[in-house]
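Colleague: Please take me slowly through a single part of this fold and its surroundings, residue by residue where that helps. I would like one connected account rather than a list.

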Amino acid sequence: MAATDKIRPLPELAKLVEGLHREGKRVVLCHGCFDLLHIGHLRYLQKAARLGDVLVVTVTPDRFVNKGPHRPAFPEEYRAEALASLTCVDYVAINETPTAVELLELLKPDIYAKGAEYRENRTPEIQREEAALAATGGEMAYIEEVTSSSTELINRHLSPFPDTTTQYLAHMAEQYGPGPILDCLERCSQTRVLVLGEVRIEEYCYCESLQRSAKAPLVAMRYLSEERFAMGAPAVANYLAEFCGEVRLLGMLGADNPQEEWVRSQLSPGVEPVFLHKPSAPTITKRRYLEAYFGQPLFELFNMNDEPLDEEAEGVLCEQVREFAPAYDLVVVADYGLGMLTDRAVEVLADQARFLAVSPQVNAGNFGYQAFTKYPRADYACLAEQEMRLEYRTRSGDLTPLLADLGQRLQAKRVVVTRGKHGALAWSPETGVHEAPSLAVRVTDRMGGGDAFFALSSLCAYQEAPLEIMAFVGNVAAAEVIASMGARASLEKLPLRRHIESLLK
């Protein structure tokens, strides 16, 4: 049989395996990513084949390889073809689900073969697989063989990163390894967080060009589709909810057309919202028009009232801050500078928060008017390079003295400046400046990347993690989010853990 003939669609393979069972054949199943075939894989598959009459191998599809946006190194079709070329393998299929549980229920193999390392490392996923296998009468076989790692080989010989980043990751692996970093995130499971900021609805309208209008000097576009995202403070709260024990969102909607029901529907189950309503204002909505094929933005339209809160609304906000802030371990302020966080509200925050993390962002709606130094204190401050340079009125030059100056002015324990593709600079008074490179390989849409960095680095700052760990975790979080359009994928604990483990092998 030709190698390509061994590759079957999963429904067809299920019928084929059913026929093999009727013939009395013992079917062995192996499942995995198989991103880079190595000697460990070969010997594992050869031993698995000897356990039965027919060896079936299934491959994790690209969309479910949760080792970071830089993986898999090889697409699912190539990985399936490489497996099919092995004489010990009888059939290959690409799985259609994130785990092997549904696969075991569908194929009902007599034996499910795993590497011996899984015998002791019985993760919840492995336990679900064992239960599914037992329900169909199959048995688990753990195969002892030489241990090797596709991830380690890819990191060493096929890294998608520049040499400087590869060296940085090798340093992080040697200095820390994934253990202390994952432990830091795990400790956050008991942390109670209050998130404060404006609610922002992002609408993406996808179009295709119809060329220039015949009657006017403008480009005509054809509408194709649209989608919406709850960004701003809700996005920060969603990012945190996956890792924290409790997250409360104190968010600002508009009193005119607040769209509160829809915003609530976009929140993680772990987020408890409290919404305030700004008088004579809509909920901030930014509609972005994009050319669909390339995903290229054409222009965007804001619907907002960016005037400061009136005295009554400001009083309600300050009252809520006084009630909530002292009850939470960490207060995370996503300040988009569109009228919610007045000087009075900022003073109350600085006075009431036990640990205050702030990110006042510059955008098209507040350019030139958003001052970082309106905060009299911040335990952790996170800003983009452009925001830092605007604050200090400098277009270029070394950022190191600016970081130290801002940290002293804010009485901050940590300050981070994010620099897009150039990574981040992190500062503390004890250790000075640490530089961390970007870990993004696939940049689909930068929206949400800064919020993801801020959210998870805030948790690390609260935990007093080393600067290196704080900047690394922030960069990993940002890389996860910007790999998808419009922040379609939020941060999830298990994929982020595996991304970190993958980078540091």
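Modeller: Residues are said to be in contact here when their heavy atoms lie within 4.5 Å of each other. The model is a predicted one, and the part I would look at closely is strand S12, which spans residues 330–335.

Six of the six residues of S12 are buried, and the strand is therefore largely enclosed by the rest of the structure. The burial concerns both faces of S12, with Leu330, Val332 and Ala334 buried on one side, and Val331, Val333 and Asp335 buried on the other. Strand S6, made of residues 192–212, runs parallel to S12 and is joined to it by five bridges; within this pairing, Leu196 stands opposite Val333 of S12. S12 is also joined by five bridges to strand S13, residues 356–360, and these two strands likewise run parallel. Here Ala334 is the residue that stands opposite Ser359 of S13. Between S12 and S13 the chain passes through helix H13, residues 343–352, in a β-α-β crossover that is right-handed.

Ser359, which belongs to strand S13, repays a closer look. Its relative accessible area is 4%, which is under the 20% limit, so Ser359 counts as buried. Once its neighbours within four places in sequence are set aside, Ser359 is in contact with Val333, Ala334 and Asp335, and also with Cys382 and Phe454. Val333, Ala334 and Asp335 are themselves among the buried residues of S12. Cys382 is buried too, at 3% relative accessibility. The structure holds zero disulfides, and for Cys382 the nearest cysteine sulfur, which belongs to Cys460, is 12 Å away. Another cysteine, Cys318, counts as buried with a relative accessibility of 0%.

For contrast, consider Val441, which sits in the loop between strand S17 (432–436) and helix H16 (449–462). Val441 has a relative accessible area of 38%, which lies between the 20% and 50% limits, so this residue is described as partly exposed. Apart from its neighbours within four places in sequence, Val441 is in contact with His70, Pro160 and Phe161. From Val441 to Asn366 there are 75 residues in sequence, and in space the two are 30 Å apart from C-alpha to C-alpha.

The model also contains an open sheet of five strands, in the order S3-S2-S1-S4-S5 and with parallel pairing. Strand S3 (91–94) and strand S5 (139–143) stand at its edges with a single partner strand each, so that one side of each has no neighbour in the sheet. From one strand to the next, the twist averages 25°. The partner of S5 is strand S4, residues 111–115, and the two pair in the parallel sense over five bridges; in this pairing, Gly115 has Ile143 in S5 as its bridge partner. Helix H1, residues 10–22, packs on the sheet and touches strand S1 (27–32), strand S2 (54–59) and S3, with its direction at about 145° to that of S3. Helix H3, residues 76–84, lies across S2 and S3 and runs at about 170° to S3.

To return to the part we began with, S12 is bridged to S6 and to S13, and its residues are buried on both faces.

Key
Residues numbered from 1 in each chain as written. Predicted model: local features only at pLDDT ≥ 70, side-chain atom pairs only at ≥ 80, totals over all residues. Heavy atoms only, no water. Pairing = 2+ DSSP bridges. Helix = DSSP H or I, 4+ residues; strand = E, 2+ residues; numbered from the N terminus. Axes fitted to C-alpha atoms, helices over the stretch in contact; angles between N-to-C directions. Buried < 20%, exposed > 50% of the residue type's maximum accessible area, 1.4 Å probe, protein only. Right-handed = clockwise from strand over helix to strand, strands pointing away. Disulfide = S-S within 2.5 Å.
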